Amino acid sequence: PRATGSRPPHGETMTDLLLEATGVVKHYGAVAALRGASLAVRPGEVHALLGANGAGKSTFVKILTGAVRPDAGRFVVRGEERAIGAPAEARRAGLVSVYQEPSLIPDLEVAANLTLTATPLEPFVAWVRELGIPDLDLHALARELPLPTLRIIDLARALAAEPSVLLLDEMT
């Protein structure tokens, strides 16, 4: 993938990185999903990963958020080199993603799904309302909710975590 973005906000410098990933490599058998992918994110920037289907965009996001382990690469979060091995580690480091597919456990209530990710309830409810669902039933089973609602829940859950870097993987 190729990242595009804006310049640092006024007052920020090129060294004020929230996230820097360099030389990221991932193979699935003989298939190279990523070959030396890199991304640098500074406060206030918006980036888009561009590429054809199969270019490795989703794989890159999953690597950045600990859902997939890379074969190689260097990751620096707020000046500290890290090996992010799980989504919970990424969350604690301030890297939160919303993947293409909803990440709620279907047989659990919405509230139980929030507990699993230690999502603070008040900010979550505020974001759900802000995103257009004023009366979400927190006791509803995730599998009973329509796909657009599940996507909003995932986004609200990510925003409630107040991430340093929010990664959206084809969040449509």
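A crossing of two helices is called right-handed if the near helix is turned clockwise from the far one by less than a right angle, and left-handed if anticlockwise. Keep that in mind while touring this predicted model.

Begin by selecting residues 147-160, which form helix 5, a run of 14 residues that reaches 20 Å from its first C-alpha to its last, close to the 20 Å expected at 1.5 Å a residue. Eleven of these 14 residues are buried, so helix 5 is largely enclosed by the rest of the structure; among the buried ones are Thr-149, Leu-150, Arg-151, Ile-153 and Asp-154. To see what covers them, add helix 2 (87-92), strand 7 (95-98), helix 3 (110-116), helix 4 (121-130) and strand 8 (165-168), which are included in that cover.

Next, keep only helix 4 and helix 5 on display, and look at how they pack, at an angle of about 135 degrees and with their axes 8 Å apart. The two helices are therefore oblique to each other, and their crossing is right-handed. Show side chains for Pro-123, Phe-124, Trp-127 and Val-128 of helix 4, together with Ile-153, Ala-156, Arg-157, Leu-159 and Ala-160 of helix 5, because these residues make the contact.

Just after helix 5, stop at Glu-162, which takes a positive phi of about 50 degrees.

Finally, turn to the largest nonpolar core, which has 22 residues, and select Leu-19, Val-24, Phe-60, Leu-64, Leu-95 and Val-165, those with the most contacts inside it. Strand 2 (19-28), strand 3 (31-41), helix 1 (57-64), strand 5 (72-77) and strand 8 each give two or more residues to this core. A second, separate core of 15 residues includes Leu-104, Val-110, Leu-138 and Ala-156.

Definitions and conventions. Residues are numbered from 1 along each chain as its sequence is written. This is a predicted model: local features need pLDDT of at least 70, side-chain atom pairs count only at pLDDT 80 or more; totals for chains, interfaces and linings use all residues. Side-chain values use heavy atoms; hydrogens and water are left out. Helices (H or I, at least four residues) and strands (E, at least two) are DSSP runs, numbered from the N terminus. The expected span of a helix is 1.5 Å times one less than its number of residues. Buried means under 20% relative accessible area, exposed over 50%, partly exposed in between (1.4 Å probe, protein chains only). Contact means heavy atoms within 4.5 Å. A nonpolar core is a set of buried Ala, Val, Leu, Ile, Met, Phe, Trp, Tyr and Cys residues joined through side-chain atoms within 4.5 Å. Axes are lines fitted to C-alpha atoms, for helices over the stretch in contact, and angles run from 0 to 180 degrees between N-to-C directions. Angles under 35 degrees count as roughly parallel, over 145 as roughly antiparallel, 65 to 115 as roughly perpendicular and the rest as oblique.
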